[in-house]
Amino acid sequence: MSTQSSDRHRRAATPPRAGDLVVGVDSGGSGLRVALAEASGGRVLGSVSSREPVRTGPGGIEAAHLLAQVLPAVETLRAEASGGGTGTVVAVAVGAAGMATLGDELRAELPGALERALGVRTLVLAADAVTAYAGALGQRPGAVVAAGTGMIALGTDLVAWRRADGWGHLLGDCGSGAWIGRAGLEAAMRAYDGRRGGSAALLARAEELFGPAAGLPGALYPRTDRPALLASFAPSVAVCADAGDPVAGDVLARAAAHIAEAAAAVCPVGLPCEVALTGGLFKMGDALLAPLRAELAEQLPQVRAVSAAGDPLAGAVSLAAACATGSLLLPEEPRMLHLIR
């Protein structure tokens, strides 16, 4: 988005009144979270969460199912909020996993539905990587790596977005929890077969978690949640690496290289750049973080690694507040960050 476009959004916004509210929504594979916040400043008044993921159907992410969870949550939060529970909701930001490729139904149906239900006309529909970015770095140039079961890197110079990976466990997500788990299980099966590159330690952990190694393909392949099942083995790889297993250590070193490569691919060129890491994968500790710090220093020597300021829900709230106050700086792209007024 150009600077002129940003200026138009700032001029178009009506300053929020005292008591006006915004809503942030974070929808992902593990469920949905909703936060209510003050429009001026973005102070969160309350939040609720559901472990029921929003369904997908022929039209992509199902708008009706998302609304069935979001609207009651908003009303509950408004009733419970102190110092503003009766305020008007002036902006909503929804960050959803799969928004880029599965968000057509949301883009078509949410604007009218939210205006009818809440009277809100300002809506932001964003990919979950964008809300992760906004939560981690706010509205300044840089790059964010969001990694859990999957992995995606996103960067911006505030003119356009650059994305790397996030292509799923069959085509990419290199360095993710699913990638680490799969590589660890492959090493376990190599040990079971007696092939080079195997790890007896990883084989023992795999059989402890999943049963006899020969039955692992039958237990894994029919599952619809294969990425999550693969990722569930990633902590075992870290445990074995911490215990000195060289094969497990090599898996995490290769994962670190992939993650740093993705960050390098999206860092803005010619600008001071910060890289933030966000997501559950980075809770694995130094078994992954130590080689990752080394890879970032080698591949991006001029870049500063920083801690993520907040999570994707905080990012959704900040996007809603920025739109309510006319201060949105992050670039609009139809399938990454779509602003509707």
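Contact here means heavy atoms within 4.5 Å. With that in hand, welcome to a short tour of this predicted model. Two open sheets set the scene, one of six strands and another of five. We will look at each sheet with the helices that pack on it, then at a pair of crossing helices, and finally at a few individual residues.

**The six-stranded sheet**

- The strands of this open sheet follow the order β3-β2-β1-β6-β7-β13, and their pairing is mixed.
- At its edges are β3 (44-50) and β13 (337-340), each of which pairs on one side only.
- From one strand to the next, the twist averages 10 degrees.
- Strands β1 (residues 21-28) and β6 (residues 89-96) run parallel and are joined by seven bridges. Across this pair, Val25 has Val94 of β6 opposite it.
- Helix α2 (residues 63-80) packs on the sheet, where it touches β1, β2 (31-38), β3 and β6. The direction of α2 makes about 35 degrees with that of β2.
- Helix α5 (residues 128-137) lies across β6, β7 (122-127) and β13. Relative to β7, α5 runs at about 100 degrees.

**The β2-β3 hairpin**

- Six bridges pair β2 with β3 in the antiparallel sense.
- Within this pairing, Ala35 has Ser47 in β3 as its bridge partner.
- Five residues lie between the two strands of the hairpin, and Gly41 there takes a positive phi near 100 degrees.

**The five-stranded sheet**

- This second open sheet has the strand order β10-β9-β8-β11-β12, again with mixed pairing.
- The edge positions belong to β10 and β12 (304-307); each has a single partner strand, so one side of each is left without a neighbour in the sheet.
- Here the twist averages 20 degrees from one strand to the next.
- β9 and β10 are paired in the antiparallel sense over five bridges. One of the partnerships links Thr156 with Trp161 in β10.
- Helix α12 packs on this sheet and touches β8 (142-147), β9, β10 and β11 (274-278). The direction of α12 makes about 25 degrees with that of β9.

**Where α12 meets α13**

- A quick reminder for the geometry: two packed helices are described by the angle between their axes and the distance between the axes.
- For α12 (residues 246-266) and α13 (residues 286-299), the axes come within 8 Å and cross at roughly 40 degrees.
- Angles under 35 degrees count as roughly parallel and 65 to 115 as roughly perpendicular, and α12 and α13 are therefore oblique to each other.
- The crossing of α12 past α13 is right-handed.
- On the α12 side, the contact residues include Leu252, Ala256, Ile259, Ala260 and Glu261. On the α13 side, they include Leu288, Pro291, Leu292, Glu295 and Gln299.
- By class, the residues of this contact divide into 14 nonpolar, one polar and two charged.

**Two residues on the elements above**

- Leu71 sits in helix α2. Is Leu71 buried or partly exposed? Buried means under 20% relative accessible area, so Leu71 counts as partly exposed at 22% relative accessibility.
- Leaving aside residues up to four places away in sequence, Leu71 touches Leu114, Ala117 and Leu118.
- Leu71 and Leu123 are 52 residues apart in sequence, and their C-alpha atoms are 14 Å apart in space.
- Asp26 lies in strand β1. Its relative accessibility is 13%, so Asp26 counts as buried.
- Which residues does Asp26 touch, not counting those up to four places away in sequence? They are Gly31, Leu32, Arg33, Gly95, Pro312 and Leu313.

**Positive phi in the loops**

- Most residues other than glycine have a negative phi, which makes the next two entries handy ones to look up.
- Leu158 is found in the loop between β9 (151-156) and β10 (161-165). Its phi is near 75 degrees, a positive value in a residue other than glycine.
- Asp173 belongs to the loop between α6 (168-171) and α7 (177-193). Although Asp173 is not a glycine, its phi is positive at about 55 degrees.
- Asp173 is also buried, with a relative accessible area of 9%.

Terms used: Residues are numbered from 1 along each chain as its sequence is written. This is a predicted model: local features need pLDDT of at least 70, side-chain atom pairs count only at pLDDT 80 or more; totals for chains, interfaces and linings use all residues. Side-chain values use heavy atoms; hydrogens and water are left out. Two strands pair if DSSP finds at least two bridges between them. Helices (H or I, at least four residues) and strands (E, at least two) are DSSP runs, numbered from the N terminus. Axes are lines fitted to C-alpha atoms, for helices over the stretch in contact, and angles run from 0 to 180 degrees between N-to-C directions. Angles under 35 degrees count as roughly parallel, over 145 as roughly antiparallel, 65 to 115 as roughly perpendicular and the rest as oblique. A crossing is left-handed if the near helix is turned anticlockwise from the far one by less than a right angle, and right-handed if clockwise. Ala, Val, Leu, Ile, Met, Phe, Trp, Tyr, Cys and Pro count as nonpolar, Asp, Glu, Lys and Arg as charged, and the others, Gly among them, as polar. Buried means under 20% relative accessible area, exposed over 50%, partly exposed in between (1.4 Å probe, protein chains only).
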